[in-house]
Amino acid sequence: MREELLPLVGATPGLQPVLKVLRYGRAGAGPKVAIQAALHADEVPALLVARELARELRTLDAAGAVLGEIVLVPYANPLGLAQQVMELHHGRFDLRDGVNFNRQFADLTEAASASVQGRLGDDAMANVALVRAALRTAATALPARSPAQDLKRRLLALAIDADIVLDLHCDNEASLHLYGLTPQADLCIELGAHLGARAILLATESGDGPFDEACSRPWFELQRRHPGHPLPLACFSTTVELRGQADTQPGQASTDAAALLAFLRRRGVLAGDAGPLPAPLCEPTPLAASEPINAPAAGVVVFHRSVGETIAAGELVAELVDVDSGAAHALHAQSSGVLYARAATRWALPGDRLAKIAGTTLVRTGKLLSP
Ligand SMILES: [Zn+2]
């Protein structure tokens, strides 16, 4: 195991944020995996899982069981960890400019495409190596004028040439769920089976440049731009939502870490037998069909259904109680599917997203993720 402390561009003199990186195995010896925890810094269950992973991987590495290279960023957002306003922690948005820490990651497709133009051949693996080198160069060359911009550049540079990228997050209140690229559904199902995922939400473009897609989408785009040359989707990247922000129950993190390690064993990154694949608990559904239950007005939220429950179209999900009249506004689901996430607060303003259902019938367009 090697530990690195990468200095980030500082916001003010005297304050030097650093990004801690733990490396296991040996670069080039086998598949590369990049894992990062809590890019949204208030999604702390991921921090516990990262600690469990670090502990296990140290032992596995010492025993020579890491067959490739694993890069673990145990707290991916030191900037967000420090953001507290009026005693409340804010880890989702950069307080400097309001930008979501998991949006606006650079799309390196254009730079990589220009770099490999005319150099791709008939050997898929040689093409992959060429594209990876181009992506690495493009990520390293990104501008880094603010601490958050530098953080995004560093994280992307650490993961852009990986075979597997696991971005560990959580929702407000939620069942375990995954986001992934539509053509990588099979790998999402396999990972989801290990983790016991209750929803797997797929898209080819979610909008606004989240980290997982910044790593995986360039391959999807480059395939389309260079159709005459064999080029696999060489990076499987997914956002793992480790339930809700308060889900730090004893034992949960070690169970989740064990599931992630079993997946890595199955993928040939770790030595040993992964064991039988558990039966998947869900089928993937389109992210475009995920139904947001939004507040039509201000009010107090009274949920009638819990996360993990299967909802039928037309069923009551929540009521919104008007504080002037006391009238309850019933909020029904349009879709059938698993209620995979709920808001953590019980006071809503008009337009607030209160719950999400992994449906199959809606066809939303535009930006598909929560702000
Ligand atoms: Zn998140």
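# Close-up views of a predicted model

**View 1. The largest cavity is lined by Ala34, Ile35, Gln36, Val71, Val73, Leu155, Leu158, Ala159, Val165 and Phe211.** This is a predicted model. The volume of the largest cavity is about 50 Å³. Three elements, β3 (32-37), β4 (69-73) and α5, each give at least two residues to the lining. By class, the lining has 9 nonpolar residues, 1 polar residue and no charged ones. In total, the structure holds 3 cavities of 30 Å³ or more.

**View 2. Helix α5 spans residues 147-159.** The helix has 13 residues. From first C-alpha to last, α5 reaches 19 Å, close to the 18 Å expected at 1.5 Å a residue. How many of its 13 residues are buried? The count is 10, so α5 is mostly covered, with buried meaning under 20% relative accessible area. Among the buried residues are Leu155, Leu158 and Ala159. Leu155, Leu158 and Ala159 also appear in the lining of the largest cavity. Pro147, Ala148, Asp150, Leu151, Lys152, Arg153 and Leu156 are buried too. An α-helix has 3.6 residues a turn, so residues three or four places apart point the same way.

**View 3. The second largest cavity has a volume of about 50 Å³.** Its lining includes Pro45, Leu48 and Val49. Leu242 and Arg243 are also part of the lining. So are Asp247, Thr248, Gln249, Gln252, Ala253 and Asp256. At least two lining residues come from each of α1 (45-62), β11 and α8 (252-266). The lining of the second largest cavity has 5 nonpolar, 3 polar and 3 charged residues.

**View 4. The largest pocket holds about 860 Å³ of space.** Its lining counts 41 residues. Which of them are closest to the centre of the pocket? They are Arg92, Asp171, Asn172, Ser370 and Pro371. Many strands take part. Among the elements that each supply at least two lining residues are β7 (164-171), β9 (177-181), β10 (199-203) and β11 (236-244). The strands β18 (337-342), β19 (347-348) and β20 (353-358) do so as well. The helix α7 (211-225) also supplies at least two. Strand β20 gives the most, with 4 residues. The lining of the largest pocket divides into 18 nonpolar, 11 polar and 12 charged residues.

**View 5. Strand β13 pairs with β20 in the antiparallel sense.** The two strands share 5 bridges. Glu291 stands opposite Ile357, a residue of β20. Strand β13 covers residues 290-294. This strand is mostly covered, with 4 of its 5 residues buried. Its partner β20 is also the strand that gives the most to the lining of the largest pocket.

**View 6. Four strands form an open sheet in the order β17-β16-β14-β19.** The pairing is antiparallel. Which strands stand at the edges? They are β17 (328-332) and β19. Each has a single partner strand, so one side of each is left without a neighbour in the sheet. Strand β16 (residues 316-321) joins β17 through 5 bridges. Across this pair, Leu320 stands opposite His329 in β17. Edge strand β19 also supplies at least two residues of the lining of the largest pocket.

**View 7. The structure holds 0 disulfides.** A disulfide is a covalent bond between the sulfur atoms of two cysteines. Cys235 is in no disulfide. The nearest cysteine sulfur to that of Cys235 belongs to Cys215, 5.4 Å away. The cut-off for a disulfide is 2.5 Å between the sulfur atoms. Cys235 counts as buried because its relative accessibility is 0%. For Cys282, the closest cysteine sulfur is in Cys188. The distance is 9.8 Å, which is too far for a bond. Is Cys282 buried or exposed? Cys282 counts as buried, at 16% relative accessibility.

**View 8. Gly68 lies in the loop between α1 and β4.** Gly68 counts as buried because its relative accessibility is 0%. How many residues separate Gly68 and Val269 in sequence? They are 201 residues apart in sequence. In space, Gly68 and Val269 are 5.5 Å apart, C-alpha to C-alpha.

Notes:
Residues are numbered from 1 along each chain as its sequence is written. This is a predicted model: local features need pLDDT of at least 70, side-chain atom pairs count only at pLDDT 80 or more; totals for chains, interfaces and linings use all residues. Side-chain values use heavy atoms; hydrogens and water are left out. The expected span of a helix is 1.5 Å times one less than its number of residues. Buried means under 20% relative accessible area, exposed over 50%, partly exposed in between (1.4 Å probe, protein chains only). On a 1 Å grid over the protein atoms alone, a cavity is a set of points where a 1.4 Å probe fits but cannot get out, and a pocket is an open set with protein on both sides within 12 Å along at least five of seven lines; lining residues have an atom within 4 Å of a point. Grid points are joined across faces, edges and corners, and a volume is the space filled by probe spheres set on the points. Ala, Val, Leu, Ile, Met, Phe, Trp, Tyr, Cys and Pro count as nonpolar, Asp, Glu, Lys and Arg as charged, and the others, Gly among them, as polar. Two strands pair if DSSP finds at least two bridges between them.
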